[in-house]
Amino acid sequence: MTTAITSPDCTASADAARERVLDLARWAPSGDNTQVWRFQHDADGGFTVLGHDTRDEVVYDHNGRASQFALGALLETIRIAATTVGRQAVIERLDVGDTRSPRWHVALIAAPGIIPDHLAAQIERRTTNRLPFSTRQPNACEWLALAHALGGHRLRAFTSLADRWRMARLLTGFGWVRYSCPECWEVHRKILDFDHVRSADRVPVRSLGADPLTEAVMRWSMPAWARLRFLNRWLGGTIAPCLRFDLLPALRCAGVVAIVAPGPIDDLDSQIAAGAAVQRLWLTATSLGLSLQPAYTPISFAGMVRDQRRFTHAPGVWERATHLVAAWNGQLGFDAERTVFAARIGFARAPYARSVRRKINELMVM
Ligand SMILES: Cc1cc2nc3c(=O)[nH]c(=O)nc-3n(C[C@H](O)[C@H](O)[C@H](O)COP(=O)(O)O)c2cc1C
């Protein structure tokens, strides 16, 4: 699918340009739709991005990396959005050193003649698709466009039947880890929204593609770990979600892509760069009719195993995670250390159930 490049609205006032950019920027993806950003207007017509991370509340946000990743996607979205109002976003990091609550100043500089980024039209259309996809492979041009979108990062694609089967086994194993420990349940309990098909601050259960029975069981069991533990112990409670949310989608897709950073990923700036690259990849995929579902838990568990952070007290779960991470690293080989992101990819229609966003006034700090 192609998108027409329309002329930027260079006549927009500074205030209108800023509102437009902020309105688009909030559609950037974030882990569990946490929207780890707030905005503050600045006197120069620009604004400050106030970032935070969820490492203290979300087990998957190891060292705040998932949040930093989302902030990178946000900054890239700001850059893209600015071009639609004839502006260039000049982004400068403030408080260098503070990685828990990093801030950036964004100046929107008038740039007559700037060509609107063709990815701008995809910002609101891009969404996480957790449903099964077609197994049809993207063609060579489509793969090239995806790889090119990443700039300095590198794309790896696991698409053969054997690779997809290996990935499916791994992702199902990681699913079992997620459903078997109270630390992960603590996160799922807070972020799953059972009441809305479009959730402004969480993830709608409907977006997981659960059948009515699984959804009813989840609704009953989610409020208390004791209920989930009972299900897991006596009724094989991890089997249905592993099959439905992990194995089936992992087999029903064109493959799994992994994004490899050009250098070591040891500071906030490298995470920000990775988040920016993946947002460009995701928007490019959307423009091609391809859906993506991040598979971030292997990345997150791999980091915890590497740092020997025993994230759970549940018996046997840490040991299983350690084995799975070893197999995951084996699959990625030389690139394992620098793999910053992984996702299922494939052709599919956009899902109706999705996360939407908080209203812009809820994201503004006076
Ligand atoms: C760093 C990061 C990690 C994510 N990990 C997962 C994941 O493991 N599984 C998943 O289904 N979605 C994952 N997501 C997708 C988010 O849940 C999603 O972006 C968010 O809920 C907003 O929804 P949207 O992408 O449909 O706009 C991740 C997103 C980010 C930025």
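## The sheet

In this predicted model, four strands come together as an open sheet, lined up in the order S5-S9-S11-S10, with antiparallel pairing. On the outside you'll find strand S5 (154-158) and strand S10 (290-294), the edge strands, each of which pairs on one side only. Go from a strand to its neighbour and, on average, you'll see a turn of 30°, ignoring direction.

Now for one pair inside that order. Strand S9 covers residues 255-260 and strand S11 covers residues 339-347, and six bridges link the two in the antiparallel sense. If you want a spot to look at, find Ile259: the residue opposite is Phe341 in S11.

## A helix across the strands

Helix H9, made of residues 268-287, lies across S9, S10 and S11. Its direction is about 5° from that of S11.

## Around the ligand

Next, the ligand. There are 20 residues around it, and the closest are Pro29, Asn33, Thr127, Tyr296 and Ser355. Three elements give two or more residues each to this shell: helix H2 (65-82), strand S10 and strand S12 (354-355). So which element supplies the largest share of the shell? That's H2, with four residues. S10 is worth a second look, since this edge strand of the sheet also turns up in the shell around the ligand.

What's the mix of residue classes in the shell? Nine are nonpolar, eight are polar and three are charged. Both domain 1 (14-126) and domain 2 (140-355) take part, each giving at least three residues to the shell around the ligand.

Definitions and conventions:
Residues numbered from 1 in each chain as written. Predicted model: local features only at pLDDT ≥ 70, side-chain atom pairs only at ≥ 80, totals over all residues. Pairing = 2+ DSSP bridges. Axes fitted to C-alpha atoms, helices over the stretch in contact; angles between N-to-C directions. Contact = placed C-beta atoms within 7 Å. Near = placed C-beta within 6 Å. Nonpolar A, V, L, I, M, F, W, Y, C, P; charged D, E, K, R; others polar. Domains from an automatic or database assignment.
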